[in-house]
Amino acid sequence: MNLKLERFPINQKLSLRAQHELELVRSIELIQQSERAGGWLAGGVVRALLLDQPLSLYFYPPERLVVRVDGTTNAIWTCPGDIDIFFPNAEAPKKISDACEMQPTCGGFGTYDRPRIRGLRDDKLDEEEFAQVTVQLIDRPDKCFPTVEECLHSFDFTNCAVAIKDDELLIPQGWSELEWAHQLDVVNATSPFLASRIRKYMH
């Protein structure tokens, strides 16, 4: 599908529960610094909010049980979600990263830290398990874009090409229909992590 983006007020697309969890995310000092520096939230965490998925499950997904043909089961670990922040240039995230002494990400796209988040929990699990979340600042020059729209056009999946900038949501046309149909729309196949990401989002 062609990526045609639409803008909406946050309160028009997010449930009250999701709006509250977005406030919790935005209460993290590192994210506040990043947004003040012109950054925006994009990708998986925004998708989870739009789907009204509890962020406790996004950050700490349970193991999945896969039933084999012979009737036996196998537990598969699901990669925890993180918060990706994109910027219009590489200087802004580098300045924040240096000041906060952040570590480089495994993929080499930026730096990360594990700040604490308050108020996000699941009664089934210990509250301490939700004490920290992973925040990644994307600072590789070819992943920095002057506008949110250009950034989202570089994404591999339409499903993840969603963003929150200030008080607005940016969502591709047809996004809801894709999600309701449980379809994954690949629009950029150049990512070196494409195969693992397809496995991640198809489960």
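I began with the burial of E21 and found that this residue is buried, at a relative accessible area of 10%, in what I note here is a predicted model. Since the cut-off for buried is under 20%, I count E21 as buried because its 10% lies below that limit.

I then looked up the partner of E21, and the side chain forms a salt bridge with R17, in which the closest N and O atoms are 2.9 Å apart. Both residues sit in helix α2 (residues 16-26), and because they are four residues apart there, about one helical turn separates E21 from R17. For R17 I read a relative accessible area of 30%, so I enter this arginine as partly exposed.

Next I followed R17 to a further partner, D52, which it meets in a salt bridge with an N to O distance of 2.7 Å. This pair links distant parts of the chain, 35 residues apart, with R17 in helix α2 and D52 in the loop between α4 (44-50) and α5 (55-59). I noted D52 as partly exposed, at 35% relative accessibility.

I also checked how many salt bridges the structure holds, and the count is nine. Another of them joins D142 to R140, where the closest N and O atoms are 2.7 Å apart. D142 has a relative accessible area of 45% and is partly exposed, while R140, at 29% relative accessibility, is also entered as partly exposed. Moving on from this pair, I found that R7, E149 and E168 are joined into one network by salt bridges that share partners.

I turned to the sheet and traced its strand order as β1-β10-β9-β2-β5-β8-β7-β6, which makes an open sheet of eight strands with mixed pairing. At its edges I placed β1 (5-9) and β6 (103-104), each of which pairs on one side only. As background, I recall that strands of a sheet pair through backbone hydrogen bonds, either parallel or antiparallel.

Looking at one pairing in detail, I saw that strand β9 (residues 163-165) and strand β10 (residues 168-172) run antiparallel and are joined by three bridges. For A163, the bridge partner that I located in β10 is L170.

My last entry concerns helix α3 (residues 29-36), which packs on the sheet and touches β2 (40-42), β5 (83-86), β7 (110-113) and β8 (135-138). I recorded the direction of helix α3 as making about 20° with that of β8.

Notes: Residues numbered from 1 in each chain as written. Predicted model: local features only at pLDDT ≥ 70, side-chain atom pairs only at ≥ 80, totals over all residues. Heavy atoms only, no water. Salt bridge = Lys/Arg side-chain N within 4 Å of Asp/Glu carboxyl O. Helix = DSSP H or I, 4+ residues; strand = E, 2+ residues; numbered from the N terminus. Buried < 20%, exposed > 50% of the residue type's maximum accessible area, 1.4 Å probe, protein only. Pairing = 2+ DSSP bridges. Contact = heavy atoms within 4.5 Å. Axes fitted to C-alpha atoms, helices over the stretch in contact; angles between N-to-C directions.
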